[in-house]
Structure formats: C-alpha cells, structure tokens
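Subject: The structure you asked about

Hi,

Here is the structure to look through, and my notes come right after it. Have it open while you read.

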Amino acid sequence: MFRLFISGRATRVLTSSSTRNRMSSKSRSKRKPDQFDFVDKGANDSDSSESEESVYSGLEEEPDTSEEDQEQSSDQSDNDSSDNDDDDDDVTLDDKSGLELSTEQRKELSTASDDELNEINDQRYTGNVKSQNRKQRKQITVKTADRPDEYDYDSSDEEDIRNTVGNIPLEWYREYPHIGYDIEGNRLLKPEKGDQLDEFLNKMDNPNYWRTVTNKMTGQNVVLSKEDLGLIQNLQSSKHPDSMAENYQPWIDFFTHEKMIHPVTNHPQHKRSFIPSKWEKLKVGQMVHALKMGWMKPTKAKTEEEEEENFYMLWKEDEESEITRRYRAHLPAPKMPLPSHAESYNPPPEYLLTKEEEEKWQNMEPEERRMNFLPQKYSSLRLVPAYKRFINERFERCLDLYLCPRKPKIRMNINPEDLIPKLPKPRDLQPFPTAQAIVYRGHSDIVRTISVDPTGQWLVSGSDDGSVRFWEVSTGRCMKSITMETGSLGNMCIRSVAWNPHPDVSLVAIAMGQTVILVNPGLGDKMVTNNTDNVLHSFSPTEEESMGKKVYADWSSIDTSDKRFENGFRLLLQHPKEVSQVTWHGRGDYFASVMPKGDSMSVLIHQLSRRRSQNPFNKSKGMVQCVLFHPVRPFLFVATQRYVRVYNLLKQELSKKLMTNCKWVSSMAVHSGGDNIIIGSYDCRLSWFDLDVSTKPYQTLRHHKRAVRAVNYHRKYPLFASASDDGTVIVCHGMVYNDLLKNPLIVPVKILKGHAISHDLGVLDCVFHPSQPWVFSCGADTTIRLFT
Amino acid sequence: MMADENTPHVQAKFFTKQSQYSIPDTPYSVPAAVGTSELSSLINQILKGSDDSVDAGIEFDFLLDGEFLRVPLDKHLENRGVSSEDIVEIEFVERQPAPKPEDSLLHDDWVSCLQGCKECILSGSYDNTVRIWTTTGAPLLTIPGHSAPVKCVKWLSGDGGPTCRFISGSHDQTILIWEWHREENSVECVHACRGHAGSVDCIAINEERDKFVSGSWDKMLKLWSAAAVAEGDQEEQLEAPTKKQKISKKVQTRVPVLTLSGHTEGISAAEWLSRSEVCTASWDHTLRLWDMEKATQTSQMQGTKVFLDMSYSLLNRQIVTASADRHLRLWDPRTTDGAIVKCTYTSHNGWVSSVSWSPVNQYLFISGSYDTVMKLWDTRSPKAPLYNMSGHEEKILAVDWSIPSLLLSGAADNHLKVFQYNDEKHGT
C-alpha cells in the first residue's frame, strides 16, 4: 500500500510538473543546462574516481538539494533524457523545450560518471526517496561537519542551487570561463574541455561515451546508469517510468459488497439535509389544520390493560395452517391401470371370451365383473368404433377421486411376536389339574350336574336316569344312591344339585322337574346330620306370616314315617314351572331356584329357616339362565340370554348390567372375592368380567370348539375351568390381585380330555374340589371324572 | 474272555455281600453292551470254576453305585456319567424271586383295608364288615359291627394265643376294639372308641401294643389306650347296625387319651416312629411328626401333593409315602435340612393308594395303585420296579406286607389277592 501510494503520488507529481512544464516551458528550457549540475556524489565508480573530488566539492558548494528540486530536476531530467539521444540512440526528441545536446554538452555528459546519474535516479524513483536522501545527507553532514546543514534552512521547493544563475540561457556564459555562481557567490568554473581530438579519442576509447551527458548547469559530464537508460526507454515506450513498479499488483478490494461496520467513505452530510423540508411543513400544516377543525382525531393513549396484553404467540408460526398442511400432505391420485392385452383392439385369442363365459359375464352384476368390458377383436385399428363409455368412465373416475378421500396409510413395523402378551409358562403356575385320576361310574344316563360337599369328602351327582348319587371322592365309591320316583310327570331328570355350603348343615338341594327337594345325605359327621334333622324337625310355621301373601312355592316336609325319609328326603318345594337350577347362598340359609319359563316368577329366593319363598322380580326381563349369590355381599347375579344383571337385594335395585356380547349365556360363576365373574355361553365363548372396571368383558376366551356348558372358579387356588360340549374341560389360571391397579392374569393352562361325546353332548358340568386343585367333571358319557 | 475283539469292552470287578457267592477279586473285561443275563451267566461260570458244589443257573442282579442295572451296561454308565475307561465295580446280589400269585379271596364288597398276622388275614370292607381269613384263604369270620364302610383294620395282638385282638376304624366315626377267640371262632367287641367327627382313616399301634393313634377326616389325631382296661371306659349298648345281625352285647366306650390338632385336612396315614414319636400324613400335603409324651407337634415336612398312605420301616428308619399323583417318595424323618425327599419312584399310572415296607428286607417295599397294579420295589431302583403284580381289575385300595412271605392286596373288584414271596435267601 505504502509503495503504491508513493508511486501514485509520484505520478501525480509527474503530471503536475508536466503541466507546469507546459506552462513555463520557456523559462525551464533556460534552466535546463544547469540541471545536470546536480550530481549525487555518494556512489562514484572507481573509474570516475578522479572526478570525485570535484563532485564533492560541487556538493559542498551546492548542498541545498530539496525534494521539490529533485522532482523538478527529475522532470527535467526525464525530459532531458528523452531528449538526450540524438543520433546513435533510438531516443528521439519530442519535446520542443527539450535541450539539444551539442557536442560539447555531450562531452560534458560523457565526463560525468555513470554512478552519479545512477544515484540521481535512485533518489528520484525508488520508493524510499526521503530516507535515502537522508542517509546521503547524513553522510554529507558527516563529511561537512563544519558546515551548517543545508536542509536546516532548505525547503525542498527551491530550485537547484548548485548554480544560482537561475533559469537563464546558458549561452550567456559562453564567453566566460565560469558557468555561474554558487550559493556563496563564487564562480562555478567551467570544466576543462578538450579539443575535438580529445573528444574523438574519448569517443573511441570510452565505452561509456554513448551514455555520457553534460549537466548544463554545472558543465559536468554525467554517465547515465543502466537504470537511467531503462527509465528513458520506459518513457519512450510510454511505460511506467519506474521499472520496478508493478502494473498488475494483487487486487485488494477496498469497497467490498459486504456491509462494513465502519464506513469507508465518511463524507459529511449534505447541507441540504439541514434545511427543513418545505413539503413536510405544508403537510404538517394541513394536519394541524385538520386537527384544529376536528377532522382528524388524535389516537387515543393506550390504556394499561392494552399494553399489558401486548405479547405474542412465539410458536404460532410453527403450526401450519390447514391449507399448507394439506398441500404438504398431498397425495397423488392413484394411476389408472394400464391397458392390458384384453383391452387391445386385436387381443390374442386366449383373451377373447367364449360364449359361455360371455353369458356368464352378462349375467353377473356389473360390480362383480372382473372386467367391465368385453374383449373384442377387430382386424384393423381403423375399424374400432368410438368407445361409448368414455365419458361415463371419466366421470366415474372423477367421482372416485374426489368422493373417496385419500389418506396416507401408515404402515406399522411391528414384530408379530410382540403382539402376543407375555404370559407365564403354565409350568410355573402349578398346581393345577393335569391328569385324570378317578372315574366315578354308576349312572346309567347322562350326568347333568355335580356338587362337592364343603369338606371335599363327598360328591353328589344328578343324572337323567332319575337318580342322585353320593360318592366318596378319594376312592370313587358310590356311597348312596337315591332314585326318584318317576311319577305321572314322566321323565324325571335331575336338573341341578347343590350341596349346602355351610359346614354345619348337611343338606343337598336337588332340582327335579317342578320340585326342589332338600335331602339330608347322612354322610360325614353324624353330629351334623343329626343336628340338621333336628333343626328341620323342630320348625313350627308362624301362621300370620303366611297369611295374605301369595305363595310362590309350596313347602312340604316329609314325615319320619314316610318311606322317602329313609332316603334322606326332608323337604319338598313344589314350583309352578320346571326348575332348571338351584343355588345356595354362601351362608346356607337362602337358596334360589330358577324357572326359565316362569315369566315374572322365574327366580325365587327361598329361606330355609323360615320356610318361605320370595319373588324378588315382578317383571320378567327375559329368559333367566342362571342365578348366583354374591359370596360376601347381598347381591344377586341374574343371567338372561344376553345380559347379566346384578341386583342389590338389600336396596332392591339393579346395580349393574353386564353386556356379555354372547348370544346365549349358559352358565356363570363368581370369583370368591366377588369382583370377578366368568360367563360361559353356547357360542363357545367364555367371558371374564371385572365388575370394578367395566360392564363389558375384560377378556373373552374362545378356546372351546363347541358350546360352553359350565364354568367354575376354584375357591382357593387361582383357577377356573370351563366345560364344553367338545368333550374337554379347559383349566385356566386366573389370578386376581388385591392390588386394584393390576388386572387379572388369565392363562389357559390345561385341556383335560377324557369324556366321550354322546348325543352331541360332551361335558355338562365341572366343579372344583374345595381344598385341592382338582376338578370334577360330568358328562354325557354317564361318568364323572376327577382330574388332579 | 469274549471272542469279539472289535466291540468295546469294560473292565469290571465283581463283588458281593452274600458270602456264599463270593468270587476272587480280579477284574474281568466284559463287552460294554452286556446286559444283566449275560453278566449273570458270567458269574455263574466263575462260581462253577471255583466251587463245584454251587449249582449253576442262579439269577443275579447287579448294582452299580447302589443302583440296579436295568439297561445294557454302557448305557447305564452313560446315563450315570461314569467313564467306561476305569474299572467298574459291580456288586451282584441274587435276584429277588418273583412273587407268585397264590390266592384270591372274594369279598362281598370293595376291600378297603387289610392286615396279616402270623396265620390270619384281617380285612375290612365297604359292606361294613370285617373279615378274618386264614393265610391259606379259608374264611374264618365275617364280623358286622360298623354301620358304615370299614376304612382301616389293625391287629393288636395276633400272635398265636387263644385270644387275638384287633382294631377297626370306619366311616361311622368309631373305632372298635375286638377280641377274637380263636378256638371258639367267636368275636366280641370289647371297646368302642368314640370321639372322631369324621371317618377314621388310619390306625397305628405302638411297639409296646398298649397305645394306638388314629387319624381321621376331621383333621384330628387321637391317642387311645389299647389296654384291656383303661380309665374312662363306659358301659354302652352297642346298637345293632341291622336287624339281621343281632349282636347286642355290652361294650365299653372308650374316650381318647389325647387329641392333637394341627393338620388342616384329613389325616390319611399314621405311623409310630419310636416309643413316643408319631408321624402322620395328611391331605394338606404335609407330613407331621408328633411327640406323644409332650403332646406337641415336633416338625413338619411339606410335600406338594395329597398323601394317601405312608409306611415306616424299622429296618432303615425311612418313610415311603404314596401320593395322589403317580409317584412314591422316600423320606428320611431324621434329616432336618437339605432334600428331605431322598428318592422318587415313578412307574405307576394312577394315584398310589397304599404302600408297605417289607418287614425283613430293608430295601424292599410294595405299593398298590388305582391303576390296578401292585408293584414290588427295591429302593435302589427308582426308575423301574422289581416286579409288577397284576391281577386286580379295579383300583387297589390297600396293600400289606406284614407276613414276610405274603404280599396282600385288596381292591375295588372285591378281591383280596395273596402273593407268595419267597425271600428266605435274603435274611438280612
């Protein structure tokens, strides 16, 4: 930069000086001969050593060389140098004001040493002009220590002061031995000039003769240095005078396109900008007038509330608007399938329909047709008629496209194994029944119903052969068999048996035809059986209660003298319709009987201690399939074909209605906790309900292939079983947790096979042993089986 | 010895504890795939070589590390993880003779319980009667007395005297102590033990024969005096169970000396382990040990299945139990830690209803199952029994081995089968 700056300045100076040259060409031309007096003496050659002294002396005489002077002199020397070649050089004189070198002058020039000029040039054109000058001047001052430094008083603007004659034609001193005066008024003597012979000899001998010029001002010969010559040549060929100057410097972009913090230009604002605008003034005047006139209302100051509410929804932009979202989620319309061979005007013969096929095609519904056209063959494309259905098809296509919204289908990448719930292995859920242990044989017809006594020692079964049998569980021994008398009613099959769950009561309720019989089996603890008999015997009916009330069921006790008493018969309850089920309440005092055809009397609740019957429901809600008492609370579950209703017996209201999603409920069982029930249905399903959670099934199991006939819970173990017409009993692990947040764990653990299917009936009932993880099942093959 | 050089051979050393069959202690090279019969003939040859007096053709059984060889030798070694490179030490014992079916005693109803003494067999039946048979199969007496099926019978003293006593327990919740006058062939009920509130399922008499315990479905274990006269006996008129059987005698009612509760289900079997210690097996999956002098429960062993029967051997002091699954389990009541089930014997296909130790051989016991087969077991052969004794057509309800030479089984086909077992050679 610095260098460039200098050179730039130099050029400027050059131009200005050239103008000056033009302006005062005449005066300069006068002065020019003297300019060569200026010789730098610091770098004399050895061959010009003889002139050293004189040069020095000259300097001593004219020490005031200033920059301006140098410049000027350089200008002149430029001109001079351009002038200076006459014949032997190709330098041509183009400046009128340039000096013409006479032979003398040339002599003078030739006498001047090369190095002087060299120095001059250095001073003039190298970058560090000043510093070099200073250096030289220092040298000078060292040498001329006794003299005052010319630069102390010298300003660089002054002219060459080695010869003080000024800018006069030097011809005027032709006659004199001196050429001018130095600054102290002493004569500057002309250097000794040889004659023509000397000149000639010099010309012949001196190799530097051709570049020797004479400084007119001092009359000294100056040998032009190589640089001077280069300079001259550069000027002549219109190049940059300084050979060192680079024409193609690396580009430094001052004015970048980027915005800069600090302005490159810093010009002051224009004066105009301080003058108030006339038009603004006019405008303001108008507005003031409008305000005064009331045409314009000033804006109201904002209230605080408004200011407070001045906030922004920062992320508002993130929510795409409906339209942009729709654009982004654009789904291209599905492409029409490309025409196939069948659509060709000349299809291959196998694509053409035969007559039968065509007929079939005609008879099909248009929606069912695989192709909506008949392939036809034409011998040439020309013969193909216009397609009649074209508009129609386009229209339908449009309808398809806009009536059926397109939606991106998000495909989920799910490992199918992950969908299978993580269930524990059945092996870890033991104990549960796994194998058949004992077969109880004795019945001659299908065994419909079984029940286990509360201690688990006895089993009672009711069969279609009209007999009730009591079995010893551990051995399979039939301990007792009661055959019902087939009266006038014909077939007396036992529909339901239920052992009284109370351990201190020895009674079995048997539903047969229209009667419910309470039987004391006489098994187990003698004390209990005797007590039961005594209690029944000591009953005395209270008259007032039975008066004025509708009698739903007819209670009658069997006398001890009766033959049936020996069999254990104790009480008979005559019902108006056929009884399908009896079930005991957990305390053993109440029991319920179900008459599916009883309409409004389909469910009766009997109280044993008071020997009376109640009808809890006035209206029939459907065909009742089965009823169950809640194990701990006063609830009654009533299963109709589709629904299970839960009644609160104390409040006498419906507390829940369970949607079973089944077509026909067959059986129902309630968990010992009372919050979960399972329902088996004739459409092969088993539904688990969590009463706390929902009225819909918590889980539905479809493991059976045929109708589910019976379901049951184990009282202690987390097991439940379902018996089905496919001859199997499926045992499932059904753990109910005390933690309300934990859902029941249901794992099917075992399919128990053993029963044969007869008359399309398989297993009809299944009951768990009260204390062991054993399940009893009875079936149409007249057997009862124990699985352990 | 064997000709074929290509087959792999095993170095075997034979020894026996039966001195009459001792052979020199030299290892023999036998083919690896050799079975029991070949080994037996080999031993016979060796015996023949050493002593001419021994007749050939004795069947031997071979024991490796206390377990019978039932498969070819190499397979046995492979199963056990024993290297066939080393010398295998094989113990040989004379094979147990096969029991021979001898007699079948027909009852009127299911035979629920039985016990033999020296010359007689006592059996209880579901027709509420107790019967006495001779060991040769002749019926001596049919005793009605109970009003419900008899569940257990035990000889109190049956050793040859003119008067024998026995005890029977029944579904009618009573235990009757009977006196049988052999010469007159008349029976008399001397005591009626009342107190149980459920069917009496088991009776165990102690060694001194002055006390017995009974276990019942009512979960109670009761200790009774078996003496002829005991405190608290009361005169009582025994009801005639039916009008036909006009046995109306004066019997004394006896009350329990001790009642122990602890079981949560019915007790199915009881045994005296020592003078004061009783072990009971129950439906609540536990075996409990009771101290009868302190009247407390001393320890408890937890099983996984219902126990149906139990037997205790005085010879090896171990208990074998029959469960409501297919397995028999061997327990050692003396161990308190570690695996209390020492071995499991599996071969039955149904519930094992009863089990009985041999009175003379500490390794042998028999078991009867609902799969109608009675099996003779050696404790050293857990995978396979020594002999299967079939013949019954229904569930076996009781087995007994009180008489060393007779194996008895009673079943639901109304038969009591008697098997002759000749075990004189193994008088250990």
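How many residue pairs are in polar contact between chain B and chain A, with both residues at pLDDT 80 or more? The count is 14. Keep in mind that this is a predicted model, so everything below is computed from it.

Let's stay with the place where the two chains meet. On the chain B side, 21 residues are in contact with 23 residues of chain A. Putting the chains together buries about 1,800 Å², and carbon and sulfur atoms give 52% of that area. Three tryptophans stand out here: Trp217(B), Trp283(B) and Trp351(B) supply 30% of the area that chain B buries against chain A, more than any other three residues. Those three also turn up in one aromatic cluster, together with Tyr370(B) and, from the other chain, Trp774(A).

There is some charge pairing between the chains as well: chain B and chain A share two salt bridges. In a salt bridge between the side chains of Asp109(B) and Arg477(A), the N to O distance is 2.4 Å. Try finding Arg477(A) on your screen, since this residue also lies over the face of Trp110(B), 5.1 Å from the ring centre. You can see a similar kind of arrangement within chain A, where the charged end of Lys657(A) sits over the ring of Tyr643(A), at 4.3 Å from its centre.

Now for the aromatic pairs. Over all chains, a search of the whole structure finds 31 of them. One is formed by Trp155(B) and Phe166(B), which meet edge-to-face, with 5.6 Å from centre to centre and 75° between the planes. Trp155(B) belongs to strand S11 (residues 150-157) of chain B and Phe166(B) to strand S12 (residues 163-170), so the pair ties together parts that are eleven residues apart in sequence. Both Trp155(B) and Phe166(B) are buried.

Last one: Arg785(A). Is Arg785(A) buried or exposed? Arg785(A) is buried, because its relative accessible area is 10% and the cut-off for buried is under 20%. You'll find Arg785(A) in strand S33 of chain A, which covers residues 784-787. Its side chain makes a polar contact with the side chain of Asp781(A), at 3.3 Å. Leaving aside neighbours within four places in sequence, Arg785(A) is in contact with several residues, including Gln436(A), Tyr440(A), His755(A) and Phe776(A).

Have fun clicking around!

How values were computed:
Residues are numbered from 1 along each chain as its sequence is written. Chains are lettered from A and ligands numbered from 1 in the order in which they are written. This is a predicted model: local features need pLDDT of at least 70, side-chain atom pairs count only at pLDDT 80 or more; totals for chains, interfaces and linings use all residues. Side-chain values use heavy atoms; hydrogens and water are left out. Helices (H or I, at least four residues) and strands (E, at least two) are DSSP runs, numbered from the N terminus. Buried means under 20% relative accessible area, exposed over 50%, partly exposed in between (1.4 Å probe, protein chains only). A polar contact is a pair of N or O atoms within 3.5 Å; within protein, one must be able to donate a hydrogen and the other to accept it, and residues adjacent in sequence count only if both atoms are side-chain atoms. Contact means heavy atoms within 4.5 Å. Rings of Phe, Tyr and Trp (its six-membered ring) pair if their centres lie within 6.5 Å; planes under 30 degrees apart count as stacked, over 60 as edge-to-face and the rest as tilted. A charge sits over a ring if NZ of Lys or CZ of Arg is within 6 Å of the ring centre and within 35 degrees of the ring normal. Buried area is the accessible area (1.4 Å probe) that two parts lose on being put together, summed over both. A salt bridge is a side-chain nitrogen of Lys or Arg within 4 Å of a carboxyl oxygen of Asp or Glu.
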